[in-house]
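Take a look at the model below. We will go through its cysteines, a hairpin and two pockets in turn.

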Amino acid sequence: KSRKEHLASLATATWTKIAYAKQVECPSPRGSHSAALVNGDIFVFGGYGGVGYSRKDFNDLYVLCTKSWKWFELVTQGAIPSERSGQKSVYFDSKFF
């Protein structure tokens with residue numbers, strides 16, 4: 001089974017479906033996450049997801065490589081932020097806030 005994401009071209013004002021093989025390390029469906037563009041790749045942190053009463057906040061960090069369209073989970077060190085949703089993220093001075 002493949003997943004399809006959509007890519008918007010601002011130059012042509014069009015949407016394109018991008019199909020890629022389902023991956024083990026693909027993030028689970030979520031909303032209220034934050035995302036930032038870092039050196040051409042998209043970093044996605046946290047958010048809220050699940051089904052019914054099993055919904056929960058996340059504190060995971062995934063990266064979408066925009067060259068291969070493959071996801072991977074970034075394993076971090078140090079004090080990990082608590083689970084959260086609705087936050088904002090920004091990349092500045094080689095740091096992801």
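Why is the sulfur of cysteine 65 in no bond with the closest cysteine sulfur? The model is predicted, and the answer lies in a distance. The closest cysteine sulfur to that of cysteine 65 belongs to cysteine 26, and it is 14 Å away, so the gap is too far for a bond. The cut-off for a disulfide is a pair of cysteine sulfur atoms within 2.5 Å. By that rule the count is zero disulfides. Seen from the other end, cysteine 26 is in no disulfide either, and its nearest cysteine sulfur is that of cysteine 65.

Are these two cysteines buried or exposed? Cysteine 26 has a relative accessible area of 11%, so it is buried. Cysteine 65 has a relative accessibility of 19%. The limit for buried is under 20%, so cysteine 65 counts as buried too.

Now turn to the hairpin. Strand β5 covers residues 56–65, and strand β6 covers residues 70–73. The two strands pair in the antiparallel sense. Four bridges join them. One pairing to look for on screen is valine 63, whose bridge partner in β6 is phenylalanine 72. Between the strands of this hairpin lie four residues. What sign does phi take at tryptophan 69? The phi of tryptophan 69 is positive, near 60°.

Next come the pockets. The largest pocket has a volume of about 430 Å³. Its lining is made up of 20 residues. Nearest the centre lie Glu5, His33, Val44, Leu64 and Trp71. Which elements give two or more residues to this lining? They are β1 (2–9), β2 (14–21) and β4 (41–49). The largest share comes from β1, with five residues. Sorted by class, the lining of the largest pocket holds 14 nonpolar residues, three polar and three charged.

The second largest pocket has a volume of about 280 Å³. It is lined by 16 residues. Closest to its centre are Phe45, Leu61, Thr76, Pro81 and Phe96. Which strand gives the most to this lining? That strand is β5, with three residues. β5 is also the strand that pairs with β6 in the hairpin. By class, the lining of the second largest pocket has eight nonpolar, five polar and three charged residues.

Conventions: Residues are numbered from 1 along each chain as its sequence is written. This is a predicted model: local features need pLDDT of at least 70, side-chain atom pairs count only at pLDDT 80 or more; totals for chains, interfaces and linings use all residues. Side-chain values use heavy atoms; hydrogens and water are left out. Two strands pair if DSSP finds at least two bridges between them. On a 1 Å grid over the protein atoms alone, a cavity is a set of points where a 1.4 Å probe fits but cannot get out, and a pocket is an open set with protein on both sides within 12 Å along at least five of seven lines; lining residues have an atom within 4 Å of a point. Grid points are joined across faces, edges and corners, and a volume is the space filled by probe spheres set on the points. Ala, Val, Leu, Ile, Met, Phe, Trp, Tyr, Cys and Pro count as nonpolar, Asp, Glu, Lys and Arg as charged, and the others, Gly among them, as polar. Buried means under 20% relative accessible area, exposed over 50%, partly exposed in between (1.4 Å probe, protein chains only).
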